[in-house]
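The following exercises are to be worked with the sequence and the model in view. Each task is followed by a solution in steps.

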Amino acid sequence: MECRGLSNRKSWLYWSLMLMIIQILIFRQTKGDCIEEERKALLEIKASHMKSYDSENDHFLPTWVDYGSGTPGDGGGDCCDWERITCNTTTGHVTELSLYYLRGTDDDIKFWSKFWPLNVSLFLHFKELRSLNLSDDFLDKEIMKTGLEKLSTLKKLEVLDLSFNDDIDNDILPSLMTLTSLKILDLSFTSLNGNFPLSGMFSPFLCF
Ligand SMILES: *[C@@H]1O[C@H](CO)[C@@H](O)[C@H](O)[C@H]1NC(C)=O
Ligand SMILES: *[C@@H]1O[C@H](CO)[C@@H](O)[C@H](O)[C@H]1NC(C)=O
Ligand SMILES: *[C@@H]1O[C@H](CO)[C@@H](O)[C@H](O)[C@H]1NC(C)=O
């Protein structure tokens, strides 16, 4: 009898401990800490821009700080708290990237003389991405060679804004046409011109 009582108490302790662990795991998940793979990709995007324009760390995307992985809740580790980013608060996946006009008010001559050689394959890390705004970022048509058509694997991508990137022209259309999930595609103030063979091939709301 005595022994059974003890083992019952032991198992009660065991189960309440398990319950606590499960609760902690659920809490961690619902808190929406960002996904490590996506955090790394964001840091690579930042690094690519800084490298191109020789920017200073404190001025450019100052909230995008790398304190290393495994340090959630310190404001730096959780990329869902960073500026220009929206996450799904349940899954922690990045859903919107508002990367328009990245040079900001720092309207230096260096920006006017150089395109940003962004490798769009970096966005393949954001599996739940819904909206990508790259308006006015000195992108040129070299981005086509960095896997633009591969973005078609992002099945939730609905909004793509490439407006105000002057050098983008009609050559980009074949790659863009593979992005069939798009609902809004903004190509205004680029070098696109003429008539496009869009009917039947392309359904999104197109601005140019
Ligand atoms: C977040 O993700 C969950 C699970 O995929 C989904 O059900 C929910 O609608 C998403 N929330 C938003 C605001 O997109
Ligand atoms: C992209 O961002 C700019 C600047 O905030 C905004 O004016 C534009 O509407 C955005 N594009 C889309 C498609 O939402
Ligand atoms: C872009 O990134 C992908 C994936 O990291 C890489 O395989 C590819 O070579 C890069 N493309 C260019 C043009 O740098």
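**Exercise 1.** How far does a polar side-chain atom of Asn 133 lie from an oxygen atom of ligand 2? Describe the surroundings of this ligand in the predicted model.

*Solution.*
Step 1. The distance between the polar side-chain atom of Asn 133 and the oxygen atom of ligand 2 is 2.2 Å.
Step 2. A nitrogen atom of ligand 2 lies 2.6 Å from a side-chain N or O atom of Asp 161.
Step 3. On its own, ligand 2 exposes 360 Å², of which the protein buries 48%.
Step 4. The shell consists of Tyr 100, Asn 133, Val 159 and Asp 161. By class, these residues comprise two nonpolar, one polar and one charged.

**Exercise 2.** Which residues are around ligand 3? State also the contact made by Asn 119 and the extent of cover.

*Solution.*
Step 1. Asn 119, Ser 121 and Thr 146 surround ligand 3.
Step 2. A side-chain N or O atom of Asn 119 is 2.3 Å from an oxygen atom of ligand 3.
Step 3. Of the 360 Å² of accessible area that ligand 3 has on its own, the protein covers 29%.

**Exercise 3.** What span does helix H2 reach from its first C-alpha to its last? Describe also its buried residues and the residue that follows.

*Solution.*
Step 1. H2 has 18 residues, 36-53, and reaches 26 Å, close to the 26 Å expected at 1.5 Å a residue.
Step 2. Its buried residues include Leu 42, Leu 43 and Ile 45, and also Glu 38, Arg 39 and Lys 46.
Step 3. Immediately after H2, Asp 54 adopts a positive phi of about 55 degrees.

**Exercise 4.** Why does Glu 37 count as partly exposed? Identify its salt-bridge partner.

*Solution.*
Step 1. Glu 37 counts as partly exposed because its relative accessibility is 38%, and the class lies between 20% and 50%.
Step 2. Glu 37 forms a salt bridge with Lys 127, with the closest N and O atoms 3.7 Å apart.
Step 3. This pair links distant parts of the chain, 90 residues apart: Glu 37 belongs to helix H2, and Lys 127 to the loop between helix H3 and strand E3.
Step 4. Lys 127 is likewise partly exposed, at 47%.

**Exercise 5.** Which residues are joined with Arg 130 into one salt-bridge network?

*Solution.*
Step 1. Arg 130 forms a salt bridge with Glu 96, the closest N and O atoms lying 3.3 Å apart. Glu 96 is in strand E2, 34 residues from Arg 130.
Step 2. Arg 130 also meets Glu 158 in a salt bridge, at 3.5 Å from N to O. These two are 28 residues apart.
Step 3. Through shared partners, Glu 96, Arg 130, Glu 158 and Lys 183 form one network.

Conventions: Residues numbered from 1 in each chain as written. Chains lettered and ligands numbered in written order. Predicted model: local features only at pLDDT ≥ 70, side-chain atom pairs only at ≥ 80, totals over all residues. Heavy atoms only, no water. Near = heavy atom within 4 Å. Polar contact = N/O pair within 3.5 Å; in protein donor to acceptor, adjacent residues only side chain to side chain. Areas by Shrake-Rupley, 256 points an atom, 1.4 Å probe, with all protein chains shown as cover. Nonpolar A, V, L, I, M, F, W, Y, C, P; charged D, E, K, R; others polar. Helix = DSSP H or I, 4+ residues; strand = E, 2+ residues; numbered from the N terminus. Expected span 1.5 Å × (residues − 1). Buried < 20%, exposed > 50% of the residue type's maximum accessible area, 1.4 Å probe, protein only. Salt bridge = Lys/Arg side-chain N within 4 Å of Asp/Glu carboxyl O.
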